[in-house]
Amino acid sequence: MGTSLTPEFWERFAVLLVLAVGLIGVLTAAFDGLAVRLLRRRPLKGLPKAPHRPVRRDHRTSVHC
C-alpha cells in the first residue's frame, strides 16, 4: 500500500528547506566574521623575518681580479 505525498507535505518541506538554507547562510557569515576577527587580533608568527643586514664597517677589503 503506497502513500502519496500531499501538497501540504510539499509546502512544509519547502518552508523548512528555505529556513534551513537561510540559517546555514547566517551561521556561515557569522563564523567567517569571527574567524577574520581572530586572525586580525593574533600576530602572525609563521612569517619569516627579514634577514639581518651585515654590519657596515669603515674598512672594506679590496677585491682584485
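**Exercise 1. Determine how far apart tryptophan 10 and phenylalanine 13 stand in helix H1, and describe how their rings meet in this predicted model.**

Step 1. In helix H1, tryptophan 10 and phenylalanine 13 are three residues apart, so about one helical turn separates them.

Step 2. A pair of aromatic rings is described by the distance of the centres and the angle of the planes. For tryptophan 10 and phenylalanine 13, the centres are 5.8 Å apart and the planes make an angle of 90°.

Step 3. Because planes over 60 degrees apart count as edge-to-face, the pair of tryptophan 10 and phenylalanine 13 is classed as edge-to-face.

**Exercise 2. Classify the pair formed by phenylalanine 9 and phenylalanine 13, and state what the ring pairs build together with tryptophan 10.**

Step 1. Begin with the total, which comes to three aromatic pairs. One of them joins phenylalanine 9 to phenylalanine 13, with 6.1 Å from centre to centre and 20° between the planes.

Step 2. Since planes under 30 degrees apart count as stacked, the pair of phenylalanine 9 and phenylalanine 13 is a stacked one.

Step 3. Both phenylalanine 9 and phenylalanine 13 belong to helix H1, which covers residues 7–41, and they are placed four residues apart, about one turn of the helix.

Step 4. Taken together, Phe9, Trp10 and Phe13 are linked by ring pairs into a cluster.

**Exercise 3. Decide whether the three residues of this cluster are buried, partly exposed or exposed, and find the surface patch to which they contribute.**

Step 1. The relative accessible area is 37% for phenylalanine 9, 42% for phenylalanine 13 and 45% for tryptophan 10.

Step 2. Because buried means under 20% and exposed means over 50%, phenylalanine 9 counts as partly exposed, as do phenylalanine 13 and tryptophan 10.

Step 3. Phe9, Trp10 and Phe13 help to make a nonpolar surface patch of about 600 Å², to which Leu5, Leu17 and Val21 also belong.

**Exercise 4. Locate the salt bridge of the structure, and describe the setting of the two residues that form it.**

Step 1. Side chains of opposite charge can pair when their charged atoms come close. A search of the whole structure gives one salt bridge, in which the side chains of arginine 12 and glutamate 8 meet at 3.0 Å, N to O.

Step 2. Arginine 12 and glutamate 8 both lie in helix H1, where they are four residues apart, about one turn of the helix.

Step 3. Arginine 12 is exposed, with a relative accessible area of 56%, whereas glutamate 8, at 47%, counts as partly exposed.

**Exercise 5. Summarise the secondary structure and the surface of the whole chain.**

Step 1. The chain has one helix and zero strands.

Step 2. Of its 65 residues, 0% count as buried.

Step 3. The chain exposes about 7,500 Å², and 65% of that area is supplied by carbon and sulfur atoms.

How values were computed
Residues numbered from 1 in each chain as written. Predicted model: local features only at pLDDT ≥ 70, side-chain atom pairs only at ≥ 80, totals over all residues. Heavy atoms only, no water. Phe/Tyr/Trp six-rings, centres within 6.5 Å; stacked < 30°, edge-to-face > 60°. Helix = DSSP H or I, 4+ residues; strand = E, 2+ residues; numbered from the N terminus. Buried < 20%, exposed > 50% of the residue type's maximum accessible area, 1.4 Å probe, protein only. Areas by Shrake-Rupley, 256 points an atom, 1.4 Å probe, with all protein chains shown as cover. Patch = residues over 30% accessible without salt bridge, like charges linked within 9 Å, V, L, I, M, F, W, Y side chains within 5 Å. Salt bridge = Lys/Arg side-chain N within 4 Å of Asp/Glu carboxyl O.
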